[in-house]
Amino acid sequence: MIRNGHGAAGGAQPPGPEGRRAVRVWCDGCYDMVHYGHSNQLRQARAMGDYLIVGVHTDEEISKHKGPPVFTQEERYKMVQAIKWVDEVVPAAPYVTTLETLDKYSCDFCVHGNDITLTVDGRDTYEEVKQAGRYRECRRTQGVSTTDLVGRMLLVTKAHHSGHEISSEYREYADSFGKCPGGRNPWTGVSQFLQTSQKIIQFASGKEPQPGETVIYVAGAFDLFHIGHVDFLEKVHGLAERPYVIAGLHFDQEVNHYKGKNYPIMNLHERTLSVLACRYVSEVVIGAPYAVTAELLDHFKVDLVCHGKTEIVPDKDGSDPYQEPKRRGIFCQIDSGNDLTTDLIVQRIIKNRLEYEARNQKKEAKELAFLEARRRQEIQRERESDCDF
């Protein structure tokens with residue numbers, strides 16, 4: 001088990017309000033290519049109780065039931081651990097959620113989104129806990145899924161974060177990749193995520209820097225927020241006894257200027273929520289300037305500016321974007337010990353394209369069979385009900 005920072009000192013679990021027994025909540029899943037949809041599910045689950053335990057499946061279990069994951073189990077464990085609403089992570093959690101698992105970790109109930117999760121033989125993985133009344137459902141976050149993100153990377157199109165007309169290739173792909181039996185496509189296609197101030201408030205801590213805290217500023221794209229980013233931010237967070245980490249996120253056009261190709265994969269609003277969900281970040285500057293200016297440093301009263309070991313691309317005029325913090329002697333380069341980049345993730349996807357497409361087709365077939373079986377059961381129940389009269 002991996003415990004996080006929500007609890008009291010020493011990892012002890014805090015009591016519930018007014019001294020009552022704490023309500024313990026269980027979530028489980030693959031958590032592959034963790035995005036703000038996963039974080040939002042865990043945020044909602046945490047709000048249903050006092051202590052959130054998240055079980056993460058192994059690579060072997062995922063490959064058996066769904067197909068190969070994009071990230072390794074160790075990477076996925078650490079990504080979930082970095083989400084600020086998670087109190088504890090259970091590695092190698094069973095794929096099928098049972099009452100035995102809930103009882104083992106003293107959980108009152110489990111929470112899952114309102115989508116279908118099936119075993120390799122097409123059974124509902126939550127059937128047992130549903131029948132026992134120890135299942136709660138939260139709203140699935142529209143406009144994002146692992147399948148959608150994989151699709152964005154494979155297509156090498158900018159349609160997912162621009163106002164340009166969607167290409168015929170993208171439309172054809174979105175119509176075929178991940179389509180559910182009903183003919184609509186809730187899993188893939190151009191992101192329909194609509195940012196609101198309320199959603200940002202739900203994700204943000206709302207805490208201002210306090211006296212004695214060290215304000216640390218970092219900036220970048222933070223695209224496809226991944227374990228490389230987490231390792232970097234964890235190192236930055238550890239630089240001070242009382243850190244207050246501000247992450248500056250560049251506009252989509254700025255990222256495309258210095259990254260090129262298909263970047264960013266996620267638009268600015270999506271990247272904002274992904275970074276806000278990280279326990280090592282206190283605040284986000286949405287659409288931060290590429291150059292770290294004197295005005296920015298003074299406005300946020302920045303004590304330290306950090307950058308990773310990746311190349312620092314000059315500003316449009318050829319100047320060093322970090323020249324001002326360097327002049328003030330507050331610039332620091334951090335080696336996170338992790339060389340994973342968004343580019344490398346895209347390469348993983350492209351290399352295993354056929355496997356991921358096969359995984360999705362396998363998922364579609366199971367869901368179709370499950371829905372058809374459920375439809376037959378409902379028809380049978382209706383017939384039996386008619387016979388009672």
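**Notebook: a cavity, a strand, a helix and a pocket**

Started with the second largest cavity: domain 1 (24-137) and domain 3 (198-333) both give residues to its lining, so the cavity lies between them. Note to self: this is a predicted model.

**Entry 1, the cavity.** I looked up how many cavities of 30 Å³ or more the structure holds, and there are four. The second largest has about 100 Å³ of space in it. Its lining is made of 13 residues, and the closest to the centre are Met33, Val34, Phe71, Leu224 and Phe225. Next I checked what kind of residues line this cavity. Ten are nonpolar, three are polar and none is charged.

**Entry 2, strand S5.** Then I moved to S5, which covers residues 109-113. Is S5 mostly covered or mostly exposed? It's mostly covered, since five of its five residues count as buried, meaning under 20% relative accessible area. I also looked at which way they point. Phe109, Val111 and Gly113 go one way, while Cys110 and His112 go the other, and all are buried.

Which strands pair with S5? I found strand S2 (residues 24-29), which pairs with S5 in the parallel sense over two bridges. Here Trp26 stands opposite Cys110 of S5. I also found strand S6 (residues 135-138), again parallel to S5, with four bridges. In that pairing, Val111 stands opposite Arg136 of S6.

**Entry 3, helix H9.** Why do I call H9 (residues 227-237) largely enclosed by the rest of the structure? Because eight of its eleven residues are buried. I wrote them down: Ile227, Gly228, His229, Val230, Asp231, Phe232, Leu233 and Val236. What do these buried residues pack against? My list has two helices, H3 (73-81) and H14 (342-351), plus strands S7 (214-220), S8 (243-249) and S10 (304-307).

**Entry 4, the largest pocket.** Last stop: I looked up the largest pocket, which has about 820 Å³ of space. There are 34 lining residues, and those closest to the pocket's centre are His229, Lys259, His307, Thr310 and Glu311. I recognised His229 from the buried residues of H9. Which elements each supply at least two residues of this lining? They are S7, H9, helix H10 (252-259), S10 and H14. I sorted this lining by class too, and got 14 nonpolar, 13 polar and seven charged residues.

**To remember.** H9 has buried residues that pack against S7, S10 and H14, among others, and H9 also supplies at least two residues to the lining of the largest pocket. The second largest cavity has no charged residues in its lining, whereas the largest pocket has seven.

Technical notes: Residues numbered from 1 in each chain as written. Predicted model: local features only at pLDDT ≥ 70, side-chain atom pairs only at ≥ 80, totals over all residues. Heavy atoms only, no water. 1 Å grid on protein atoms, 1.4 Å probe; cavity = no way out; pocket = protein on both sides within 12 Å on 5 of 7 lines; lining within 4 Å. Points joined across faces, edges and corners; volume = space filled by probe spheres on them. Nonpolar A, V, L, I, M, F, W, Y, C, P; charged D, E, K, R; others polar. Domains from an automatic or database assignment. Buried < 20%, exposed > 50% of the residue type's maximum accessible area, 1.4 Å probe, protein only. Pairing = 2+ DSSP bridges. Contact = heavy atoms within 4.5 Å.
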